[in-house]
Amino acid sequence: MNKLDTTIQFGVLIVGTIGLATIFGIYLARMITFEMRPLERTLARVESGFYRVIGINATKQMSWKEYFLALFVTNMVVVIFIILVLTFQNCLLLSEGKEGFSFDLAFNTAISFITDTNLQHYVGDQQLSITSQMIAITFTMFIAPSSGIAAAFAFIRSFIRKNYGLGNFYVDMVRIIVTLLLPVSVVSALVLMVIGVPQTLEPFVETNTLEGVINNNSSNSQTINMGPVASLQSIKELGSNGGGFFGSNSGHPFENPTGLSNMYEMFLMLIIPLSFPIAYAKLMGKGKGVSILVTMLVGFGIMLVISTSTEIDPMLLETRFGSFGSALFDTVSLATNTGAVNSALAGMSPEAITSFFLGMFVQAIPGAVGTGMMMMIVFVLLTLFLVGLMVGKTPEFMSMKISPRDIRLAVYIFLLHPALILIPTVIAMGTGNAQAIVGNQVDSMAFTQTFYEYASSAANNGSNYFGASADTPFWNYSTAIVMFLGRYLPLALLLAIAGSFTMKDRKEVIEPIKTQGPLFITVLITVTFLLTALTFFPFIILGPFSI
């Protein structure tokens, strides 16, 4: 693919996504503030029906602690449900003879999908029944992103509310699933079906192929696994999920058959993360929101430049996407913390792997649905604090003074991430569990693979080198713990910051640096990447830089 073609492909992706994100962002802003939406009466009747069925008091406003507790308890109930389904899938309908998961693998999978990580230590089309794919995997792909989006709604409300609750988690979750994720994913599934992604309850199909096996009738045939792929694929990309129906994920021709599907799935991954700065602009001011959006796009652009700076070896790439198509898809996926890949990580260049690490370290360029926007605000707070130190001024943000407690919480959120990556990496290599997979000779590639496993888990990303080879009690439990802490500790701290904001006086103050405009964008990008580099650069040197 020549430079003109790659430029056109990138331009169509960015321009198209921003155009759609503008529409979605305005809708998100209405959901955050409970303004009238298109078809409001119809939507309200549907939502109120759900409230009655599950016994929700839609008028109750929650404090940050109540909001987080409701989110956490709901997610844990789903975890128990997933574990039961996976453990006893051989007893359910459409089991197709698939055995139930071991407890450690079921536990890992449940934590993985409820935290929006979707790390897979199993091969979906070989180990999961159709029933498990639908009610354990696809169902959870709605719950996990709706929880992250709901938390972001509560977080943004703290800027515009004083001495009032952050909203109601149950109301937010129902509205997000019923009026955002579900309708968009249904339409997207239909689009994917038209493009060529299968959707069926048949577990497999027998067909004649060039590489079939010789059966009793001496004819060339092959059994090809099938299932409800399009419905899973649509919410997989839309909700920053990333877990594939097939073991080869978006590199499988049934999940991603053509260049058109490759482009469409990138649209799905970017739409909601880029919608949040638009919603932020609608509620907080156009300049502030556009500055956040530009910061995210510049960060993504840096990732893409790094990942495409070297031609990728075509050996482990899908020829239908090529070098640039593979690098672009994987960069979009890692930047949005989706974790889906359309080519093997082992086939990526060291520069591309470095770029992917960068996305997982920052988690905000643009990051996953909901959580990416919240992480970017954490970097805004840290930037204001550092600039305030330089000019000798107390940091202010959104007409509020930022207290030392707020800064401490932001610092805890930032430092938690490297701790969750580095400590387990050392344990895995020190106990020999890493060597059991990568081999006794631990070189830069072996370190990269181990480091990547925990970086992906802590960032709730889900892409990984190991795949089903990591299906051991150590790796299942250790990555599950990292995914769990990497999801819920930051959410709790972020909502604590939101709770603090709702108690602050609002008055016009002079910020140490205006949180909009070219200067702010430059400083925010510089601080974000500088803090990330100071934290992780030595480990990147040991890993992909030395491959």
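How many aromatic pairs does the structure hold? The structure holds 31 aromatic pairs (rings of Phe, Tyr and Trp, the last by its six-membered ring, with centres within 6.5 Å). This is a predicted model, in which local features need pLDDT of at least 70, side-chain atom pairs count only at pLDDT 80 or more, and totals for chains, interfaces and linings use all residues. Residues are numbered from 1 along each chain as its sequence is written, and side-chain values use heavy atoms, leaving out hydrogens and water.

**Aromatic pairs**

- The ring centres of F357 and F451 are 5.3 Å apart and the planes stand at 35°, so this pair is tilted (under 30 degrees counts as stacked, over 60 as edge-to-face, the rest as tilted).
- F357 lies in helix α13 (residues 350-362) and F451 in helix α17 (residues 444-458), 94 residues apart; helices are DSSP runs of H or I with at least four residues, numbered from the N terminus.
- Both F357 and F451 are buried (under 20% relative accessible area, 1.4 Å probe, protein chains only).
- The rings of Y452 and Y465 have centres 5.3 Å apart and planes at 85°, so they are edge-to-face.
- Y452 and Y465 are buried as well.
- One aromatic cluster includes F357, F451, Y452 and Y465.

**Helices α7 and α8**

- The axes of α7 (residues 140-157) and α8 (residues 169-195) come within 9 Å and cross at roughly 125°; axes are lines fitted to C-alpha atoms over the stretch in contact, with angles from 0 to 180 degrees between N-to-C directions.
- The two helices are therefore oblique (not under 35 degrees, over 145, or 65 to 115).

Notes
Buried < 20%, exposed > 50% of the residue type's maximum accessible area, 1.4 Å probe, protein only.
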